[in-house]
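User: I've got a chain here and I'd like to go through some of the labels people put on its residues. Can you walk me through how each label is earned?

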Amino acid sequence: MKKMKTLFSKIAKLYKWALLLSPFGLFAVICLDTYVLLETENQTFQSTEEIPHNKVGLLLGTSKFMANGDINLYYLYRIKAAEKLFKAGKIDFILVSGDNGRIGYNEPLLFKKDLILLGIPKEKIVLDYAGFSTLDSVLRAQKIFGLNSFTVISQRFHNERAIFLAKQKGIAAIGFNAETVTGKYSIKTELREYLARTKACLDIVFDSQPKYLGEKIAIQ
């Protein structure tokens, strides 16, 4: 009984500290979100007519299907954006960077198959199987694939974070915004983005590196 009371006491103290610190934590999150926005202002594009040409488009991965089996709209809209950008002649290659960290789960390969179905030549599609995070995707594009400039393809909020990370590493990146996902479907993702941007800032401060590197691969 005594141990149980001690445990409850510790939990109560932690809860109290969480309440005391939360206003400061919330303020910091808002400030860092604003910082990312300011650092990436005017560096994302909606129109293929306005966006400058880049040799490579970095297509950021996500799962194709949701837990209930429905297709993930973030995936669908990114595929369409990549197709649109390539067929407009604003990129020459698509570097698909995603997660292939467990058996039976291969984001880059699924993207490649669907891009080919949309008419993108397979020789114009390059796969990065170790894009486990946005940081990994951006830094591997530079360190493994030798890119110091590229066009990020994802939803706007994601593009802004990727461009922010790229900018801090001396990479000239711009973004082509895939269609926005709206409604209840997107609320969790949008809330999570605040924390993701905070982490992105910490990754820069602590000079975080990709989980895996490896031999260099030329895109040509």
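User: Why is Cys31 called partly exposed?

Analyst: Keep in mind that this is a predicted model. Cys31 has a relative accessibility of 36%. Buried needs a value under 20% and exposed one over 50%, so Cys31, at 36%, lands in between and counts as partly exposed.

User: And what makes Cys201 buried?

Analyst: Its relative accessibility is 9%. That is under the 20% cut-off, so Cys201 counts as buried.

User: How many disulfides does the model have?

Analyst: Zero. To count, a pair of cysteine sulfur atoms has to be within 2.5 Å.

User: What makes Asp33 and Arg197 a salt bridge?

Analyst: Their closest N and O atoms are 3.1 Å apart. The limit is 4 Å, so the pair qualifies. Asp33 sits in helix α1 and Arg197 in helix α6, with their positions 164 residues apart in the chain.

User: Are those two buried or exposed?

Analyst: Buried: Asp33 has a relative accessible area of 13%, and Arg197 has 3%. Each value is under 20%, so the label fits both.

User: What else does Arg197 pair with, and how do you know that it's a salt bridge?

Analyst: Glu160 is a partner, with an N to O distance of 2.7 Å. That is within 4 Å, so it counts. Glu160 is in helix α5 and Arg197 in helix α6, so this pair ties together parts 37 residues apart in sequence. Glu160 is buried too, at 8%. Asp33, Glu160 and Arg197 are among the members of a salt-bridge network that also includes Arg156, Arg161 and Glu193.

User: Why are Lys87 and Glu83 said to be about one helical turn apart?

Analyst: Because they are four residues apart in helix α2. They also form a salt bridge, with the closest N and O atoms 2.9 Å apart. Lys87 is exposed: its 51% is over the 50% cut-off.

User: Why is helix α4 called mostly covered?

Analyst: Nine of its ten residues are buried. Ser137 is one of them, with a relative accessible area of 3%, which is under 20%. Leaving out residues up to four places away in sequence, Ser137 touches Leu58, Leu60, Ser97 and Gly131.

User: What makes Leu191 exposed?

Analyst: Leu191 has a relative accessible area of 55%, and over 50% means exposed. The residue lies in helix α6, and together with Ile187 and Tyr194 makes a nonpolar surface patch of about 300 Å².

How values were computed: Residues are numbered from 1 along each chain as its sequence is written. This is a predicted model: local features need pLDDT of at least 70, side-chain atom pairs count only at pLDDT 80 or more; totals for chains, interfaces and linings use all residues. Side-chain values use heavy atoms; hydrogens and water are left out. Patches are made of residues with over 30% relative accessible area and no salt bridge: like charges are joined within 9 Å, nonpolar side chains (Val, Leu, Ile, Met, Phe, Trp, Tyr) within 5 Å. Accessible areas come from the Shrake-Rupley method with a 1.4 Å probe; for residues, only the protein chains shown count as cover. A salt bridge is a side-chain nitrogen of Lys or Arg within 4 Å of a carboxyl oxygen of Asp or Glu. Helices (H or I, at least four residues) and strands (E, at least two) are DSSP runs, numbered from the N terminus. Buried means under 20% relative accessible area, exposed over 50%, partly exposed in between (1.4 Å probe, protein chains only). Contact means heavy atoms within 4.5 Å.
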